[in-house]
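Reader: I am new to reading models like this one. Can you take me through the terms as we go?

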Amino acid sequence: RKKLHNTILELKGNIRVFCRVRPLLPDERSSPEGNFISYPSSVESLGRGIDLVQNGQRHSFTYDKVFSPEATQEDIFVEISQLVQSALDGYKVCIFAYGQTGSGKTYTMMGQPGLLEEKGLIPRSLEQIFQTRQSLQPQGWKYEMQVSMLEIYNETIRDLLSTNRSTPDVLRAENGSPIKPYSIKHDASGNTQVSDLTVVDVRSAREVSFLLEQASRSRSVGKTQMNEQSSRSHFVFTLKISGINESTDQQVQGILNLIDLAGSERLSKSGSTGDRLKETQAINRSLSSLSDVIFALAKKEEHVPFRNSKLTYLLQPCLGGDSKTLMFVNISPDSSSASESLCSLRFAARVNACEIGTPRRLT
Ligand code: ADP
């Protein structure tokens with residue numbers, strides 16, 4: 001398959017945005033008479049433009065790449081495989097999926113359970129990393145890999161690999177005493193440490209896929225206990241990679257963060273109260289903190305507001321500086337999603353306008 005762009009090669013020190021429009025689902029509609037999405041747009045024909053027509057008004061956007069509904073999981077992976085590979089070369093990599101609930105974030109990240117061709121970018125990335133690890137062995141490279149998976153719900157971290165089922169997600173123990181929330185620290189070498197978070201040594205993609213299953217079970221347990229929808233929380237998968245070349249003594253430390261963000265949809269202001277309102281406020285706060293951080297980095301501001309949300313504080317060492325960030329903005333083509341799609345496209349356009357330059361001190 002011929003590549004249209006070699007965008008990834010330019011990724012160093014930059015944030016890139018890929019837009020993916022999922023296919024219409026059976027009960028959805030999109031017609032030229034109503035609100036609809038078209039691509040590539042009339043101004044761009046290289047798979048970078050997308051138009052959204054809402055109430056007769058055309059809004060045009062350009063990103064590093066636009067994937068139409070026909071794009072397969074393989075098409076997507078071809079475009080990001082070099083980025084994933086760079087974690088083995090010692091880069092800190094973050095790949096986000098942003099969009100309203102139902103726009104295809106989880107499909108993009110995880111894929112369709114049980115369908116091999118529809119595997120998402122998390123399983124594909126892991127297979128590639130472990131294959132490359134093997135192919136680098138003859139050159140003297142030895143790698144150690146560690147996985148952790150967590151969820152951030154209402155600004156609270158939940159360890160998805162914890163085997164302690166009795167207290168995974170509530171902040172009070174059975175006797176009512178508060179449990180110390182996971183605290184996030186950054187050590188001198190710029191690594192993130194989350195207190196008490198389960199970190200598992202892994203030697204194969206298969207081992208990681210077992211852990212992914214465990215995490216997904218743990219997410220659904222949380223769902224019933226807290227009446228929580230997984231779409232209301234951020235899912236953060238982290239692979240830490242330490243490599244040493246036994247012939248040359250060269251060392252590398254890379255990180256691959258793959259993040260399925262909480263649904264970006266707004267709730268109607270009138271209808272949301274109680275827990276739902278609290279959830280929405282927490283999601284809005286962390287999503288806007290993420291864009292604030294990206295803008296502050298882009299503008300090389302002295303103060304980057306990493307501490308404004310758990311998500312940005314957790315990812316602080318992996319955003320900006322010498323790291324590589326890619327954001328997928330997932331879009332539903334359904335006419336009734338037009339206003340949410342427009343919000344997502346605008347958010348992504350602002351992010352895409354950012355170029356994160358020189359390495360900076362972590363504050
Ligand atoms: P989100 O994670 O954003 O809430 P999902 O990934 O669950 O959304 O996608 C919503 C529905 O659309 C699911 O049934 C999913 O299988 C389907 N879907 C999403 N993207 C695609 C795609 N590219 N091709 C086929 N089906 C898709």
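Reader: Which of the residues around the ligand come nearest?

Author: Gly 102, Gly 104, Lys 105, Thr 106 and Tyr 107, out of 13 residues around the ligand. A residue is near a molecule if one of its heavy atoms lies within 4 Å of it. A caution first: this is a predicted model, where local features need pLDDT of at least 70, side-chain atom pairs count only at pLDDT 80 or more, and totals for chains, interfaces and linings use all residues. Residues are numbered from 1 along each chain as its sequence is written, and side-chain values use heavy atoms, with hydrogens and water left out.

Reader: What makes the pair between Gln 112 and the ligand a polar contact?

Author: A polar contact is a pair of N or O atoms within 3.5 Å; within protein, one must be able to donate a hydrogen and the other to accept it, and residues adjacent in sequence count only if both atoms are side-chain atoms. A polar side-chain atom of Gln 112 lies 3.1 Å from an oxygen atom of the ligand. That distance is within the 3.5 Å limit, so the pair counts. Backbone N or O atoms also take part: one of Gly 104 lies 3.1 Å from a ligand oxygen, and one of Tyr 107 lies 2.7 Å from a ligand oxygen. Taken alone, the ligand exposes 560 Å², and the protein buries 74% of that (areas by the Shrake-Rupley method with a 1.4 Å probe; for residues, only the protein chains shown count as cover).

Reader: Which helix gives the largest share of the shell around the ligand?

Author: Helix 2, residues 105-109, with three residues. Helices here are DSSP runs of H or I with at least four residues, strands are runs of E with at least two, and both are numbered from the N terminus.

Reader: Why is Glu 155 called buried?

Author: Its relative accessibility is 16%. Buried means under 20% relative accessible area, exposed over 50%, and partly exposed in between (1.4 Å probe, protein chains only). So Glu 155 counts as buried. Glu 155 lies in the loop between strand 7 (141-153) and strand 8 (156-159). The side chain of Glu 155 reaches the backbone nitrogen of Lys 310 at 3.0 Å.

Reader: What is unusual about the phi of Glu 155?

Author: Phi is positive, about 65°, although Glu 155 is not a glycine. Most residues other than glycine have a negative phi. Asp 196 also has a positive phi, near 65°.

Reader: Is Asp 196 buried or exposed?

Author: Exposed, because its relative accessible area is 62%. Asp 196 sits in the loop between strand 10 (192-194) and strand 11 (200-202).

Reader: How do you know that Pro 69 is buried?

Author: Pro 69 has a relative accessible area of 18%, so it is buried. Its place is the loop between strand 5 (65-67) and helix 1 (73-85). Leaving aside neighbours within four places in sequence, Pro 69 is in contact (heavy atoms within 4.5 Å) with Val 21, Arg 22, Pro 23 and Tyr 39.

Reader: What makes a set of residues a nonpolar core?

Author: The members are buried Ala, Val, Leu, Ile, Met, Phe, Trp, Tyr and Cys residues, joined through side-chain atoms within 4.5 Å. The largest core has 52 residues, and Ile 50, Tyr 63, Phe 96 and Leu 319 touch the most other members. Helix 5 (residues 274-298) gives the largest share of this core, nine residues.
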